[in-house]
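Reader: Hey, can you walk me through this one? I'm new to looking at structures.
Author: Sure, ask away.

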Amino acid sequence: MTHLFEPLTLRGITLKNRIAVSPMCQYSSVDGFANDWHLVHYGSRAAGGAGLVLTEAAAVTPQGRISPLDLGIWSDDHVEFLARITHFINQRGSVAGIQLAHAGRKASSPPPWENRSVTLTEAEGGWPIVAPSSIPFDDGCIVPAELGEDGIRDISKAFVEAARRSLLAGFGIVEIHAAHGYLLHQFLSPLSNRRTDQYGGSFENRTRLLKEIVIAVRAIWPENLPLLVRISATDWVEGGWNIAQSLELVRQLLPLGVDLIDCSSGGSDPHARIPLGAGYQTGFAEQIRRETGGKSGAVGMITSPVQADHIIRSGQADLVLLARELLRDPYWPLRAARELGQTTPWPAQYVRSAPANTPAYLPEK
Ligand SMILES: Cc1cc2nc3c(=O)[nH]c(=O)nc-3n(C[C@H](O)[C@H](O)[C@H](O)COP(=O)(O)O)c2cc1C
């Protein structure tokens, strides 16, 4: 039976286990650049034994940042420091992945610790925001400008350019962020997309941009490297995006070369009632896996090793993504291995009582 510590192969990449660091904005960049914080933060989680270390949302254009402090990959200059991070992650036997994103109408926001859901003004360091339709995210948010077809084309190209840079930076996996009420999800959801052109209205039209971006990124992303898409399986709002539409979307994405669907939810409507609880989104990963035959990742309030192992063993998902639990404990995978009776080596640097002749405990060559 497949378990948490069994490797997962996606195209030419094999993850040593089924534990991923879920993307988490660090709000620690200036002009989109990664720095020592990111090296230590991601490096610790690689040293902690996660099979896949996904970066936070990396903005494909400066306007696509959620906040002025977001990570970015809109310039070739961003590549050098990112390459240092991927090098360290790969050296630890983990795989480095990057999440590519555009925040759309949720861009130009303050970092979360300011605890106010508004759009920053230009005087506060904000910038003009764009979206599929001129509908603000919430009270206090600026009305976004509706994107024209040229603007849409430019954003598609920005995703492709960002993927090209991701490859140069040494990432083995790219994840396209189409969840949490950010730009690509804004196109998918009838709550935020009221367009009457080929990008709005019908299901086919609302899903067009995401499919175009997947096709364009897949065309330049090497055949042997995996491409993931994160979706919000539901808006949790009557009349919004829902699991039936997600299933149909996934059926259309898989033949385009998407290797795993990362199944999150919500983010379109700040007033949605979300039934938070242990593993509250895992059912979506299970349904998507079962009904489409594609691979899925489960995320959301997965905290205990037994819970994570059960998700894999019972075939609910192929991968588990942990966010806050891996902030609390970067060494969660190593602890989980011990708790589940698996043998996963700690970094050699940390081992003081290695049994003689145990290759697993020897430093890498
Ligand atoms: C600090 C923080 C930053 C986050 N940033 C992102 C992000 O950049 N991209 C994304 O898709 N999700 C982001 N999320 C959501 C997480 O990836 C995850 O889906 C969510 O926290 C639920 O998982 P958990 O219960 O294990 O924390 C973030 C979550 C946290 C706590």
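Reader: Which residues make the nonpolar surface patch?
Author: I274, L276 and M301 make that patch, and its area is about 260 Å². Keep in mind that this is a predicted model.

Reader: Where does M301 sit?
Author: In the loop between β11 (296-299) and α9 (305-313). M301 counts as partly exposed because its relative accessibility is 33%, and the partly exposed range runs between 20% and 50%.

Reader: OK, now the inside. Which members of the largest nonpolar core touch the most others?
Author: I176, L210 and V229 do, out of 90 residues in that core. Helix α3 (residues 149-168) gives the most to this core, namely seven residues. There's also a second, separate core of seven residues, with A103, A107, I129 and Y182 among them.

Reader: What is L210 in contact with, leaving aside neighbours within four places in sequence?
Author: The list is I176, A178, L184, L188, V229, L249 and L253.

Reader: Switching topic: how many disulfides are there?
Author: Zero.

Reader: Why doesn't C141 form one?
Author: The closest cysteine sulfur to that of C141 is in C25, and it's 16 Å away, so that is too far for a bond. A disulfide needs the two sulfurs within 2.5 Å.

Reader: And what about C263?
Author: For C263 the closest cysteine sulfur is in C25 too, at 20 Å, which is too far for a bond.

Reader: Is C263 buried or exposed?
Author: Buried, because its relative accessibility is 0%. C141 also counts as buried, at 14%.

How values were computed: Residues are numbered from 1 along each chain as its sequence is written. This is a predicted model: local features need pLDDT of at least 70, side-chain atom pairs count only at pLDDT 80 or more; totals for chains, interfaces and linings use all residues. Side-chain values use heavy atoms; hydrogens and water are left out. Buried means under 20% relative accessible area, exposed over 50%, partly exposed in between (1.4 Å probe, protein chains only). A nonpolar core is a set of buried Ala, Val, Leu, Ile, Met, Phe, Trp, Tyr and Cys residues joined through side-chain atoms within 4.5 Å. Helices (H or I, at least four residues) and strands (E, at least two) are DSSP runs, numbered from the N terminus. Contact means heavy atoms within 4.5 Å. Patches are made of residues with over 30% relative accessible area and no salt bridge: like charges are joined within 9 Å, nonpolar side chains (Val, Leu, Ile, Met, Phe, Trp, Tyr) within 5 Å. Accessible areas come from the Shrake-Rupley method with a 1.4 Å probe; for residues, only the protein chains shown count as cover. A salt bridge is a side-chain nitrogen of Lys or Arg within 4 Å of a carboxyl oxygen of Asp or Glu.
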